[in-house]
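Work through the exercises below with the sequence and the model side by side. Each task is followed by a solution in steps.

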Amino acid sequence: MKSFKYGPLLLLTILLFNCQQQPQEGSNYFRLNDQMLELISFFEKNAWDESKSTYLSEIDNEGKAMSDKIFTVASSRLIYGLSYASQSKSDYLMKAKKVANFQKEYLIGEDDQGAFSYSFVENKKVESPTHLDVWQQAYGLCGLSELYRQTKDATLLPTIHQLHNGFIGRFKDEEAKGLWGNFKIGEGGVTNSKSLQSLMYPLTAYMINLWEADKENKHLYEHQIAENVEMLYNIAWNKETQWVNVKFNDDWSVKKTSEGKYDFTVTPGHNFQLSALLLRTSKFDFLSKEKKQKYQSLGRKILDITLEKNYLFDDGNIINGFYSEVDPNTNEVLDTRKTWWQHAEAIIALSLYGGKYDQQQELLEDYFFTTFFDKQNGGEYFYVTENNTPITEELKGSIGKSTYHTIEMIRILNDF
């Protein structure tokens with residue numbers, strides 16, 4: 001009788017508690033979730049090849065497959081998106097595993113220096129590379145790392161560790177530290193290939209995520225993360241130009257022309273990406289309190305300064321989007337197109353600041369999903385014009401474009 005008397009009351013209490021713990025109806029959580037599933041559905045509908053058990057990579061604006069190629073970066077980024085989205089739609093986990101199996105069978109090679117990723121496979125054939133670049137090799141680990149984070153499937157770790165060890169073994173510069181941008185097989189790091197990307201992308205593409213997931217082997221990643229972050233703190237931000245330094249000489253001095261000008265162009269997206277990376281160090285428990293504080297201080301400073309560059313923004317306001325490319329020597333805008341990935345990086349940085357830019361973040365999210373998402377054909381545009389007109393000639397699926405930057409943004413907004 002006692003359990004009958006209190007049973008309904010206990011049940012009501014549990015139900016009320018569970019309702020309070022779930023995101024509220026109409027909250028940003030549900031909106032982001034819907035956008036994530038909508039993005040993946042474009043590739044589900046147009047790119048899945050049942051005979052190969054993976055997704056084709058080159059997909060045009062209307063959803064037509066343009067070739068039989070499967071690129072490592074595009075495929076790996078889809079594994080990332082599917083793995084994370086499987087929390088909302090469990091069927092996606094099986095798809096992520098199938099794509100991962102395809103990657104392991106056809107897109108990974110090995111030589112006497114260890115495992116590496118091929119650029120692409122076409123009709124189950126690959127070309128033996130003479131060079132490897134840090135971008136494709138780092139992003140080759142992006143999807144497998146997130147799949148492991150979601151599943152804790154120990155059978156993934158041997159492949160992940162082999163790729164990671166091969167990556168570090170090839171690209172690490174033991175003398176000047178950091179990582180080369182390109183590697184010539186049989187010879188070593190390629191001179192004049194060092195860049196902002198060769199320091200930053202390996203961390204944001206996979207290494208931080210893997211450090212968070214592979215808890216028993218954190219030591220494999222902590223040294224390189226710490227080294228790259230310290231180097232980025234010291235050399236990536238240019239106090240003179242108020243822009244990131246993009247290209248470096250072999251000794252990590254900033255690359256300049258014979259006239260003393262900076263020998264590269266810059267993107268606002270890389271300012272935002274560096275800011276976000278430095279702000280993310282707040283969770284790096286292998287760093288000292290003092291280092292985390294100085295990294296975060298610079299991250300906030302970079303974001304503050306970049307937001308003050310009114311000439312970047314349509315109508316002088318970030319909520320209307322921003323242009324893609326600038327000459328750091330003159331601050332001349334070189335490309336007035338607006339790029340999807342750069343806006344995703346800006347939203348991430350705004351979200352990590354600590355409340356100061358909540359309104360700008362909310363409005364820029366509105367701009368992002370309204371402007372870059374194609375409500376008619378699905379998917380998202382790579383570029384829009386200065387006046388926010390979609391540039392439909394650019395593929396929605398390509399060597400590096402699938403679901404990653406947007407779902408990475410959604411993950412950080414939901415989880416950080």
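Two strands count as paired if DSSP finds at least two bridges between them. The model is a predicted one.

**Exercise 1. The hairpin**

Task: Find how many bridges join β12 to β13, and which residue in β13 is the bridge partner of Asp 327.

Solution.
1. Locate the strands: β12 covers residues 325-327 and β13 covers residues 332-335.
2. Count the bridges. There are 3 between β12 and β13, and the two strands run antiparallel. The cut-off for pairing is at least two bridges, so β12 and β13, with 3, are a pair.
3. Follow Asp 327 across to β13, where its bridge partner is Glu 332.
4. Inspect the connection. β12 and β13 make a hairpin with 4 residues between them. In the turn, Asn 331 has a positive phi of about 65 degrees.

**Exercise 2. A sheet and the glycine before one of its strands**

Task: Give the strand order of the open sheet that contains β8, and decide whether Gly 181 is buried or exposed.

Solution.
1. The sheet is open and has 3 strands in the order β7-β8-β9, with antiparallel pairing.
2. β7 (131-133) and β9 (188-189) are the edge strands, as each pairs on one side only.
3. Between β8 and β9 there are 2 bridges. Phe 183 stands opposite Gly 189 of β9.
4. Gly 181 lies in the loop that runs between α7 (157-171) and β8 (182-184).
5. The relative accessibility of Gly 181 is 5%, so this residue counts as buried; the cut-off is under 20%.
6. List what is in contact with Gly 181, leaving aside neighbours within four places in sequence: Leu 132, Asp 133, Val 134, Phe 171, Ser 193, Lys 194 and Ser 198.
7. Take Ser 193 from that list. Gly 181 and Ser 193 are 12 residues apart in sequence, and their C-alpha atoms are 4.7 Å apart in space.

**Exercise 3. The largest nonpolar core**

Task: State which residues of the largest nonpolar core touch the most other members, and which helix gives the most to this core.

Solution.
1. The core has 121 residues. Phe 167, Ile 225, Phe 368 and Met 409 touch the most other members.
2. Helix α8 (residues 196-213) gives the most to the core, with 12 residues.
3. Examine Phe 368. Apart from neighbours within four places in sequence, Phe 368 is in contact with Trp 340, His 343, Ala 344, Ile 347, Phe 373, Glu 380, Thr 406 and Met 409.
4. Met 409, one of these contacts, is also among the four residues named in step 1.

**Exercise 4. Cavities**

Task: Say how many cavities of 30 Å³ or more there are, and which helix gives the most to the lining of the largest cavity.

Solution.
1. There are 2 cavities of 30 Å³ or more.
2. The largest cavity holds about 90 Å³ of space. Its lining includes Tyr 80, Thr 204, Arg 280, Tyr 404, Glu 408 and Ile 412.
3. α8 and α14 (404-415) each supply at least two lining residues to the largest cavity. α8 gives the most, with 5 residues.
4. By class, the lining of the largest cavity has 6 nonpolar, 2 polar and 3 charged residues.
5. The second largest cavity holds about 40 Å³ of space. Among the residues lining the second largest cavity are Thr 204, Arg 280, Glu 408 and Ile 412, which also line the largest cavity.
6. α10 (268-280), α12 (340-352) and α14 each supply at least two residues to the lining of the second largest cavity. α10 gives the most there, with 4 residues.

**Exercise 5. Pockets**

Task: Find which residues lie closest to the centre of the largest pocket, and which lie nearest the centre of the second largest pocket.

Solution.
1. The largest pocket has about 390 Å³ of space. Of its 18 lining residues, Arg 77, Trp 135, Gln 197, Tyr 201 and Trp 341 are the closest to the centre.
2. α5 (134-139), α8 and α12 each supply at least two residues to the lining of the largest pocket.
3. That lining divides into 9 nonpolar, 6 polar and 3 charged residues.
4. The second largest pocket has a volume of about 230 Å³. Of its 13 lining residues, Thr 267, Ser 324, Glu 325, Gln 342 and Tyr 383 lie nearest the centre.
5. The lining of the second largest pocket has 4 nonpolar, 6 polar and 3 charged residues.

Key. Residues are numbered from 1 along each chain as its sequence is written. This is a predicted model: local features need pLDDT of at least 70, side-chain atom pairs count only at pLDDT 80 or more; totals for chains, interfaces and linings use all residues. Side-chain values use heavy atoms; hydrogens and water are left out. Buried means under 20% relative accessible area, exposed over 50%, partly exposed in between (1.4 Å probe, protein chains only). Contact means heavy atoms within 4.5 Å. A nonpolar core is a set of buried Ala, Val, Leu, Ile, Met, Phe, Trp, Tyr and Cys residues joined through side-chain atoms within 4.5 Å. On a 1 Å grid over the protein atoms alone, a cavity is a set of points where a 1.4 Å probe fits but cannot get out, and a pocket is an open set with protein on both sides within 12 Å along at least five of seven lines; lining residues have an atom within 4 Å of a point. Grid points are joined across faces, edges and corners, and a volume is the space filled by probe spheres set on the points. Ala, Val, Leu, Ile, Met, Phe, Trp, Tyr, Cys and Pro count as nonpolar, Asp, Glu, Lys and Arg as charged, and the others, Gly among them, as polar.
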